[in-house]
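Could you walk me through this structure in the viewer, stop by stop? I would like to know what to select next and what is there.

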Amino acid sequence: MKLKSYNCLVVLLMIIFTTSLSSEEKIDIWKNKEKKITETKNLEKENIKDSSELKSSQTIKTPEKIQIQESSSIDVNEQKVYGIYDPETNNFNLNMWSTTKAEDLRSSLKRLSKIELSQSSNEILESILLSFSYPPQGMTEKEFVDLKINWLIKNDRANLIESFLKQNEEFDSKSKAVQYLVDKNIASADIKEGCKKIKFIDAKIKDPYLEKFKIYCLVFNKKNPDAQLLLDLLREQKQSSKFYDDKINFLLGVTDKTSNKIDEKNLLNFYLSSITIKDFKYEPTKKTKPEIWQYLNAANLIKFEDASDKEKLKELETAANNNQLDKNKIFEIYKQVPFNLNILINAKDNYQSLNESDARALIYQKYLLSESNDTKIDYLFLLEELFKKSDLTNIYSKFMSDRIEEIGIGNIPQEYQESAQARIVSDEDLILGKVKYNDKIIHQSKILKYYVEGENKKKIQKDIDKIFKKISKNKKYFISAKDLALADALISDGYTLPSNFKYNELVSKFNIPKNLLKLIDNDQKAFLALKIVEIIGEDEPYQLDPETIFFVTNLLNKMNLVTIRNKVLNSALPLRT
């Protein structure tokens with residue numbers, strides 16, 4: 001009887017212990033989950049609290065890693081979210097697309113795809129598309145993630161695709177994204193780096209192309225037994241091919257011969273052809289795939305051995321103009337074209353009697369032989385005319401810009417200086433220049449230090465009082481749309497403007513498109529930001545007219561899209577040197 005009681009006691013203690021342990025395990029799991037996702041409370045909110053005191057100099061950067069996938073492991077039907085950026089970084093939230101129709105997003109992106117967007121427009125678009133969020137109304141998770149991956153691939157954003165793969169474990173387009181990274185490295189003739197990308201290929205990815213590349217990487221890294229094992233498995237699944245088997249068997253040493261067939265079906269097959277065929281030779285054509293052109297460039301496999309082959313030279317010039325071939329290759333070929341001494345000496349008299357390619361080659365060689373800057377510039381402009389005549393200016397524009405900079409504008413004859421300066425390809429998108437404050441103009445004053453340098457808020461309020469008071473005494477001062485853009489931002493950020501500054505009266509003169517105001521009423525944050533990208537388009541914000549700058553920043557203020565607004569202000573308002 002005592003034994004029975006003892007057994008009951010043991011069972012009871014075990015039940016209590018197990019229950020306690022189970023409870024502790026649930027708490028630990030919840031804590032671990034909190035590390036990977038935003039707190040459930042925040043996920044249930046429709047709007048995340050916005051910060052109005054962000055510096056305008058804060059750029060849109062990729063966080064090291066954020067993991068937002070599911071708010072609960074209980075509801076298996078709950079939608080997942082995919083992206084790279086924490087939405088709150090750019091004043092968005094997970095529901096940023098929830099009030100937008102799928103067709104509106106598709107149509108807007110279609111319009112944007114036809115525009116060569118400026119750097120600022122691209123950065124804003126990137127922050128919109130790649131923020132973690134639920135899809136718009138009428139769009140599936142699959143379509144939404146496909147849309148993101150397709151945009152990244154089209155815009156050649158290999159670094160962001162890798163970030164996407166690191167932060168989103170499973171999604172339908174994963175094999176497509178990994179193959180892009182693999183092909184990108186093959187095309188760069190960097191197989192070692194390409195093989196590192198196989199870390200993204202897990203057991204859930206059933207993609208024959210990636211499996212074949214994985215096997216080749218094992219061979220590349222001298223792990224032949226492992227490669228043979230995977231190869232046998234691939235064959236059992238009937239996912240190999242006669243061509244691939246032939247090449248891998250040769251590389252594994254199973255056979256000592258291989259076919260001389262060049263397979264262009266995909267980049268991996270072409271690469272295997274190039275490394276297994278002795279004295280590999282390949283003549284690219286107009287139909288050659290871009291990735292194969294890239295590989296041929298990177299691996300230095302494009303040869304031009306017959307200078308008399310004018311048709312071949314013409315094909316290579318067209319390829320370079322279409323960005324398929326390295327443009328410098330054309331100038332290297334021009335140096336190979338033979339001319340007798342008399343034709344070379346009298347180049348200006350003889351070039352017109354030659355075919356177009358030979359004429360360019362002759363003038364280029366004459367430029368190289370020129371000693372004085374006057375003569376060099378003369379031949380550079382003549383060469384420009386010859387490239388224009390054949391509609392091949394894409395080959396020449398950067399070349400000419402670089403040569404002019406090498407010579408130096410000050411060393412160029414006076415009559416050529418203005419034209420030469422116009423030929424220099426500047427990259428003002430990358431460097432706006434140092435801000436020069438001018439307290440005689442509101443939108444150029446040191447009030448901007450708050451947005452440019454993150455100046456102390458109390459200090460800026462004093463500057464506002466002082467500068468507005470000073471300017472109000474100038475009866476001739478005209479309040480511009482840019483002044484109002486700054487004033488609007490200041491009011492939105494909690495600053496106080498002098499009572500004699502009639503802000504409401506001044507802004508009433510500007511009409512903001514009603515269709516854009518309607519987006520604010522419908523709480524369509526992301527779609528409004530997308531519309532702003534359409535408005536900015538090919539321009540940088542500082543290139544927009546003042547009225548557009550005002551209504552763009554006003555709309556962003558109304559939706560509390562502070563980070564994007566500050567980016568616009570920082571480009572559009574300051575005077576820079």
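## A guided tour

Start with helix α20 and step just past its end: the residue that follows is Gly408, with a positive phi near 95 degrees. Keep in mind throughout that this is a predicted model.

**Stop 1: helix α20.** Select residues 393–407. These 15 residues form α20, which reaches 21 Å from its first C-alpha to its last, close to the 21 Å expected at 1.5 Å a residue. Now show the side chains of Ile395, Tyr396, Phe399, Met400, Ser401, Arg403, Ile404 and Ile407, which are the buried residues of this helix. What do the buried residues of α20 pack against? Colour α14 (310–321), α15 (327–336), α18 (356–369), α19 (373–389) and α21 (414–423), and you have the partners.

**Stop 2: the whole chain.** Zoom out and switch to a cartoon view. The protein chain has 29 helices and 0 strands. Of its 577 residues, 46% are buried. Among contacts with a separation of 6 or more, 65% are between residues 24 or more positions apart. If you turn on the surface, its accessible area comes to about 31500 Å², and carbon and sulfur atoms account for 49% of that.

**Stop 3: the disulfide.** How many disulfides does a search of the whole structure find? The search finds 1. Select Cys195 and Cys217, which are joined with an S to S distance of 2.1 Å. Look along the S-S bond: the angle about it is -90 degrees, and the link is left-handed. Cys195 sits in helix α8 (residues 191–196) and Cys217 in helix α9 (residues 208–220), so the pair ties together parts that are 22 residues apart in sequence. Are these cysteines buried or exposed? Cys195 counts as buried because its relative accessibility is 7%, under the 20% cut-off. Cys217 is buried too, with a relative accessible area of 1%.

**Stop 4: two loops with a positive phi.** Most residues other than glycine have a negative phi. Select Asn91, in the loop between α2 (40–44) and α3 (102–112). Asn91 is not a glycine, yet its phi is positive, about 65 degrees. Asn91 is also buried, at 1% relative accessible area. Then move to Asp156, in the loop between α5 (141–154) and α6 (158–167). Asp156, likewise not a glycine, has a positive phi of about 55 degrees. Asp156 counts as partly exposed, with 41% relative accessibility.

**Stop 5: helices α26 and α27.** Select residues 514–521 for α26 and residues 525–536 for α27; their axes come within 9 Å and cross at roughly 155 degrees. The two helices are therefore roughly antiparallel to each other, since an angle over 145 degrees counts as such. To see where they meet, show Leu516, Leu519 and Ile520 from α26 together with Phe527, Leu528, Lys531 and Ile535 from α27.

**Stop 6: Leu117.** Stay in this view and select Leu117, in the loop between α3 and α4 (119–129). With 15% relative accessibility, Leu117 counts as buried. Try a distance label from its C-alpha to that of Ile536: the separation is 8.2 Å, although the two residues are 419 residues apart along the chain. Which residues is Leu117 in contact with, leaving aside its neighbours within four places in sequence? Select Leu112, Asn122, Leu125, Val533, Gly537 and Glu538 to show them.

Terms used:
Residues numbered from 1 in each chain as written. Predicted model: local features only at pLDDT ≥ 70, side-chain atom pairs only at ≥ 80, totals over all residues. Heavy atoms only, no water. Helix = DSSP H or I, 4+ residues; strand = E, 2+ residues; numbered from the N terminus. Expected span 1.5 Å × (residues − 1). Buried < 20%, exposed > 50% of the residue type's maximum accessible area, 1.4 Å probe, protein only. Contact = heavy atoms within 4.5 Å. Disulfide = S-S within 2.5 Å. Areas by Shrake-Rupley, 256 points an atom, 1.4 Å probe, with all protein chains shown as cover. Axes fitted to C-alpha atoms, helices over the stretch in contact; angles between N-to-C directions. Parallel < 35°, antiparallel > 145°, perpendicular 65-115°, else oblique.
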